[in-house]
Amino acid sequence: MSYARVLCVGLVGVAGHLVEVEADLSPGLPAVVLTGLPDTALHEARDRVRAAMVNSGQVWPNRRITVNLLPAMLPKHGSAFDLAIACALLAGAGELPLAPMEGVVVLGELGLDGAVRPVRGVLPMVAAAADAGITRVIVPVGNAREAAVVPGVTVGAVDSLHRLVAFIKGQGPLLDRPPVRDTPPPSGPDLADIAGQDLGRHGLEVAAAGGHHLAMIGPPGAGKTMLAERLPSILPPLDDASALEVTALQSIAGVLAADAELVRRPPFQAPHHSASLAALVGGGSGLAMPGAISLAHRGVLFLDEAPEFAYLTLQALRQPLESGRVILARSRGTTEYPAQVQMVIAANPCPCANPAGDQHCQCSAIARRRYLGKLSGPLMDRIDIQIRLQPLGVAQLMTSETPAEPSAEVAARVRRARDAAAARWAAHGWRLNAEVPGPQLRRPPWRLPPKDTKALRAGLERGSLSARGFDRILRLAWSIADLDGRDRPSGSDVDEAAQLRMGEAIDRQAGR
Ligand SMILES: Nc1ncnc2c1ncn2[C@@H]1O[C@H](COP(=O)(O)OP(=O)(O)O)[C@@H](O)[C@H]1O
Ligand SMILES: [Mg+2]
Ligand SMILES: [Zn+2]
């Protein structure tokens, strides 16, 4: 036998594709020709595989070796092909029987010493293999837990090339994957920690129920960051498909813990305002990595101190927020990552950030306008809920007679509200009130009786309310009704919704 073929998987964005690693060994001048990989990766892979084989006690075949990765057109990145290349070489040289590797996908990077190292993206790779009908995979032991998340696949784990060779020869076992953790993963912060702050809590709950983006404006210490961090605690846990997507993105970004299981809690990402564009939307040299907005997919993207972000950075969020995905252009083609996020932004009302509040502010009217004005165009246009928060007084903080409602109780209301909205809009293909286009809510059968929207229409005529603002209030009114378990918003739901729209005032402050 001088030819062998071993299966592997290549990733493009979050999509995996089966890759065949072929090895052909022929008599002739000893040489190694590797094809189907980008140049730099090719040389590195050859050197790693050679060293790993020799240091695992294998003989490097002194023949003319051709290794080819198919399909050639598929862009291939990273080092996950090493182990499959080594297997194909050894089988081609007649050192390994081929039969045990038939239909098995092999993933892993080789160290020079022959150790098998974990690689990024194993979860989506194994999921792609399963989609292609593969039922057995061999992965680095550090990735075994995430690989085992994929249903219908038997996972074998290895820590060294030596162990894999022994296994294929029938001389030793693979490793067991690490035992399943019996303690549940730690849950995040809880709303029970927040005293008072009724408007903030209400805004957060309505945002969760309708999937609305949320902006909180208030002086330092008002509790904006605290509130934002607790949004995931009242969102429904991720369903199977979403959990797989979110876990896969974390796997690709290399932030999934080795003992990780399927991520069920909606993610929360709070990039610092000094974060680079690549850190925020994705990119980097070589393999384009998902950024914070993709790591927040199906969860929360929190922009704290939002006006401190560079204007171009805020602009760059616009398109992903619109389309729910990020497209990263590279010389070797484009990479696409999902990015459906619920955005929360927090801002001080002005650059002086005086903790004592607006009345002590020293900033000029122009400075104040310019500060929030930075947000107005690109982001505020998309944000349904815009509230102003004031810090609690010491007295309120210290003397809370009734304990604050915990997240679990709020989450139960949010879940019922979301179910009601999903059932109502199912025929239109929307799940959340935030997705419903404005005109839809102004037309029968969803139009509200004139008496309930009288104040809004008066605002429209006076010019104190924009048409967009009008639609946003309607959307919020539906979320409020859903939370209260009513099948249509009442006039008081509309009034309540208008309370969550201080944004008209913010837009005016911003001089729009
Ligand atoms: N409503 C509240 N209940 C309990 N603690 C609060 C509340 N508001 C503020 N705090 C306290 O003040 C600190 C600052 O809150 P933070 O969320 O960082 O405010 P902001 O982001 O608006 O500046 C918190 O760490 C917390 O200790
Ligand atoms: Mg803060
Ligand atoms: Zn100020």
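**Exercise 1. Place Gln-342 in its surroundings, starting from the polar contact of its side chain.**

Solution.
Step 1. A polar atom of the Gln-342 side chain lies 2.8 Å from the backbone oxygen of Ala-207. The model is predicted.
Step 2. Find the element. Gln-342 belongs to strand β17, which covers residues 342-347.
Step 3. Check the exposure. The relative accessible area of Gln-342 is 7%. The cut-off for buried is under 20%, so Gln-342 is buried.
Step 4. List the contacts, leaving aside neighbours within four places in sequence. Gln-342 is in contact with Ala-207, Ala-208, Gly-211, His-212 and His-213, among others. Its contacts also include Leu-231, Leu-235, Gly-299, Val-300, Leu-301 and Arg-418.

**Exercise 2. Describe the shell around ligand 1 and its polar contacts.**

Solution.
Step 1. There are 13 residues around ligand 1. Ala-195, Gly-221, Lys-224, Thr-225 and Met-226 come nearest.
Step 2. Sort the shell by class. Eight residues are nonpolar, three are polar and two are charged.
Step 3. Ask which element gives the largest share. Helix α7, residues 224-229, does so with three residues.
Step 4. Turn to the backbone. A polar backbone atom of Gly-221 is 2.7 Å from an oxygen atom of ligand 1. For a polar backbone atom of Gly-223, the distance to an oxygen atom of the ligand is 3.0 Å.
Step 5. Add the side chain. An N or O atom in the side chain of Thr-225 is 2.7 Å from an oxygen atom of ligand 1.
Step 6. Finish with cover. On its own, ligand 1 has 560 Å² of accessible area, and the protein covers 68% of that.

**Exercise 3. Work out how helix α3 is covered, and by which elements.**

Solution.
Step 1. Helix α3 runs over residues 122-131. Eight of its 10 residues are buried, which leaves the helix mostly covered.
Step 2. Name them. The buried residues are Val-122, Leu-123, Pro-124, Met-125, Val-126, Ala-127, Ala-128 and Ala-129.
Step 3. Find their partners. The buried residues pack against strands β1 (3-12), β2 (15-26), β5 (104-106) and β8 (136-140). They also pack against helices α4 (144-147) and α8 (240-253).
Step 4. Look at α8 from the other side. Ile-252 is in helix α8 and touches Pro-124. Other residues that Ile-252 touches include Leu-11, Gly-13, Val-14, Met-289, Pro-290 and Tyr-337.
Step 5. Check the exposure of Ile-252. Its relative accessibility is 4%, so Ile-252 counts as buried.
Step 6. Compare sequence with space. Ile-252 and Arg-120 are 132 residues apart in sequence, yet 4.9 Å apart C-alpha to C-alpha. Arg-120 and Gly-121 are also among the residues that Ile-252 touches.
Step 7. Leave the helix. Just after α3, Gly-133 has a positive phi of about 95°.

**Exercise 4. Where do Gln-197, Arg-298, Pro-71 and Pro-445 lie, and what marks their backbone?**

Solution.
Step 1. Recall the background. Most residues other than glycine have a negative phi, and most peptide bonds are trans.
Step 2. Take Gln-197. Its phi is positive, about 55°, although the residue is not a glycine. Gln-197 lies in the loop between α5 (161-168) and α6 (198-210). At 10% relative accessibility, Gln-197 is buried.
Step 3. Take Arg-298. Its phi is positive too, about 65°, and the residue is not a glycine. Arg-298 is in the loop between α10 (292-295) and β14 (300-303). With a relative accessible area of 26%, Arg-298 is partly exposed.
Step 4. Take Pro-71. The peptide bond from Leu-70 to Pro-71 is cis, with omega near -5°. Pro-71 sits in the loop between β4 (64-70) and α2 (82-92).
Step 5. Take Pro-445. The bond from Pro-444 to Pro-445 is cis, with omega near 0°. The loop that holds Pro-445 lies between α15 (438-442) and α16 (454-462).

**Exercise 5. Classify the ring pair of Trp-425 and Trp-430, and find its cluster.**

Solution.
Step 1. The whole structure has five aromatic pairs.
Step 2. In the pair of Trp-425 and Trp-430, the centres are 5.9 Å apart and the planes 70° apart. Planes over 60 degrees apart count as edge-to-face, so this pair is edge-to-face.
Step 3. Check both residues. Trp-425 is buried at 0% relative accessible area, and Trp-430 is buried at 18%.
Step 4. Extend the pair. Ring pairs join Trp-425, Trp-430, Trp-446 and Trp-478 in a cluster.

Conventions. Residues are numbered from 1 along each chain as its sequence is written. Chains are lettered from A and ligands numbered from 1 in the order in which they are written. This is a predicted model: local features need pLDDT of at least 70, side-chain atom pairs count only at pLDDT 80 or more; totals for chains, interfaces and linings use all residues. Side-chain values use heavy atoms; hydrogens and water are left out. Rings of Phe, Tyr and Trp (its six-membered ring) pair if their centres lie within 6.5 Å; planes under 30 degrees apart count as stacked, over 60 as edge-to-face and the rest as tilted. Buried means under 20% relative accessible area, exposed over 50%, partly exposed in between (1.4 Å probe, protein chains only). Helices (H or I, at least four residues) and strands (E, at least two) are DSSP runs, numbered from the N terminus. Contact means heavy atoms within 4.5 Å. A residue is near a molecule or strand if one of its heavy atoms lies within 4 Å of it. A polar contact is a pair of N or O atoms within 3.5 Å; within protein, one must be able to donate a hydrogen and the other to accept it, and residues adjacent in sequence count only if both atoms are side-chain atoms. Accessible areas come from the Shrake-Rupley method with a 1.4 Å probe; for residues, only the protein chains shown count as cover. Ala, Val, Leu, Ile, Met, Phe, Trp, Tyr, Cys and Pro count as nonpolar, Asp, Glu, Lys and Arg as charged, and the others, Gly among them, as polar.
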